[in-house]
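Open the model in your viewer and keep the sequence panel visible. The stops below say what to select and what to look for there.

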Amino acid sequence: MGGDLGPRVTVPSAARFASQNPQLSVILVGQESKIASLLSDISPIPNLHIRHASDEVMMNERPASALRYKRGSSMAVALQMIANKEADVCVSAGNTGALMALSRSILRMLPGVDRPALLKVLSLPSGKVYLLDLGANIDCSAEHLYQYALMGCAYYALVENNSSPRVGLLNVGEEEIKGTEQVRLAARLISEAESIHYIGFIEGDQVFFDKADIVVCDGFVGNVALKTGEGMARMLISVLESSLKGRWYLRLLGWAFKSVIQSVIKSLDPGRYNGAILIGVQGIVYKSHGSADEAAFFRALTQAACDAERVTPEALNDSLDELLI
């Protein structure tokens, strides 16, 4: 029920996803009457189901309030279905803080992990970069950053079948003396871990140029970095599109290179990479952007379904154990 646009986006997107993936069971969790009304103009889909939840977590609600008073919300009911093994993965566009708090309470943490982190895979021309945390925790200790590095490596090993990714720590400079005390202490902890291939500090512009496979930061920095990058991508798309509507020779150029330009615009579109996994809890939970449109939410569902096949909590815990041996 959450997100900036709520069921108006999530319901039709999930219906499309269910119709294209008949081998999967898709369960819409929320106020049944609202969901049913949005499905009334759609032909019945056998693998699309509704689980009623009487309440919802508001986007501006404090996590503590959601944890205490919203146990009947769509978010809490969906997470409880994961805990009860009634579903394999939960996808939400709702309140990030509430999702983290309810996930910790209902699903519990993986052994040895204090806090979960939001991890997102950015697909770049030079390859992929795994970025965490993206907003689950605003204030992080050095120990938390060290745990994020371990979780990032464990997740990367499962998804990429590579147990030695390059790990960088996002900072205001590459020199060892730069950054806050917590970041410098985290660098020491990560560098001393024999199981982590640590390459040192990296700066914000290096995130997008194949400097590291995994970039670790606290949730405040990560969220700002991600949304700044997405805003820049949208601006470039807008400038490119408006430029090609200018003088006649620009329109001709746009027509001549239409397929190339469309490919560039598609590669820049942040909606293609919507969805971040809440790593560290004993269940697969995916967070979509609250502002996601139907196409972007569909992408989050697709990515979550892929991860449910290969990144089970048990496999992630085993991968973490191997790093700690």
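Begin with helix H1, residues 7-20, and colour helix H2, residues 32-39, to go with it. H1 passes H2 in a right-handed crossing. This is a predicted model, so read each stop as a description of a prediction. The two helices pack at an angle of about 60°, and their axes lie 10 Å apart. Angles from 35 to under 65 degrees fall in the oblique class, and H1 and H2 are therefore oblique to each other.

Now show the side chains where these two helices touch. On the H1 side, select Pro7, Arg8, Val11 and Ala15; on the H2 side, select Ile35, Leu38 and Leu39. Coloured by class, this contact has six nonpolar residues, no polar ones and one charged.

Keep H1 on screen and add helix H11, residues 294-310. The axes of H1 and H11 come within 9 Å and cross at roughly 50°. H1 and H11 are therefore oblique to each other. The crossing of H1 past H11 is right-handed.

Which residues of H1 meet H11? Select Arg8, Val9, Thr10, Pro12, Ser13, Ala14, Arg16, Phe17 and Gln20. Their partners in H11 are Glu294, Ala295, Phe297, Phe298, Leu301, Thr302 and Ala305. The contact of H1 with H11 divides into nine nonpolar, four polar and three charged residues. Arg8 appears here, and Arg8 is also among the H1 residues that meet H2.

Next, turn on a pocket display. The largest pocket holds about 830 Å³ of space. To find its centre, select Val26, Ile27, Val89, Cys90 and Val91, which lie nearest to it among the 35 lining residues.

Which elements each supply at least two residues of this lining? They are H1, strand S1 (26-30), helix H4 (74-83), strand S3 (89-92) and H11. H11 gives the most, with six residues. By class, the lining of the largest pocket has 26 nonpolar, six polar and three charged residues.

From the pocket, move along to H4 and add helix H5, residues 96-107. Their axes come within 10 Å and cross at roughly 35°. H4 passes H5 in a right-handed crossing. For the contact itself, select Met75, Ala76, Leu79, Gln80, Ile82 and Ala83 in H4, together with Ala98, Leu99, Leu102, Ser103, Ile106 and Leu107 in H5. The contact of H4 with H5 has 10 nonpolar residues, two polar and no charged.

Two details of the backbone remain. Select lysine 85, in the loop between H4 and S3. Lysine 85 is not a glycine, yet its phi is positive, at about 65°.

Last, go to the loop between strand S5 (127-132) and helix H6 (142-160), and select aspartate 133 there. Is the peptide bond from leucine 132 to aspartate 133 cis or trans? That bond is cis, with omega near 5°. To see it, show the backbone atoms of leucine 132 and aspartate 133 together.

Notes:
Residues are numbered from 1 along each chain as its sequence is written. This is a predicted model: local features need pLDDT of at least 70, side-chain atom pairs count only at pLDDT 80 or more; totals for chains, interfaces and linings use all residues. Side-chain values use heavy atoms; hydrogens and water are left out. Axes are lines fitted to C-alpha atoms, for helices over the stretch in contact, and angles run from 0 to 180 degrees between N-to-C directions. Helices (H or I, at least four residues) and strands (E, at least two) are DSSP runs, numbered from the N terminus. Angles under 35 degrees count as roughly parallel, over 145 as roughly antiparallel, 65 to 115 as roughly perpendicular and the rest as oblique. A crossing is left-handed if the near helix is turned anticlockwise from the far one by less than a right angle, and right-handed if clockwise. Contact means heavy atoms within 4.5 Å. Ala, Val, Leu, Ile, Met, Phe, Trp, Tyr, Cys and Pro count as nonpolar, Asp, Glu, Lys and Arg as charged, and the others, Gly among them, as polar. On a 1 Å grid over the protein atoms alone, a cavity is a set of points where a 1.4 Å probe fits but cannot get out, and a pocket is an open set with protein on both sides within 12 Å along at least five of seven lines; lining residues have an atom within 4 Å of a point. Grid points are joined across faces, edges and corners, and a volume is the space filled by probe spheres set on the points.
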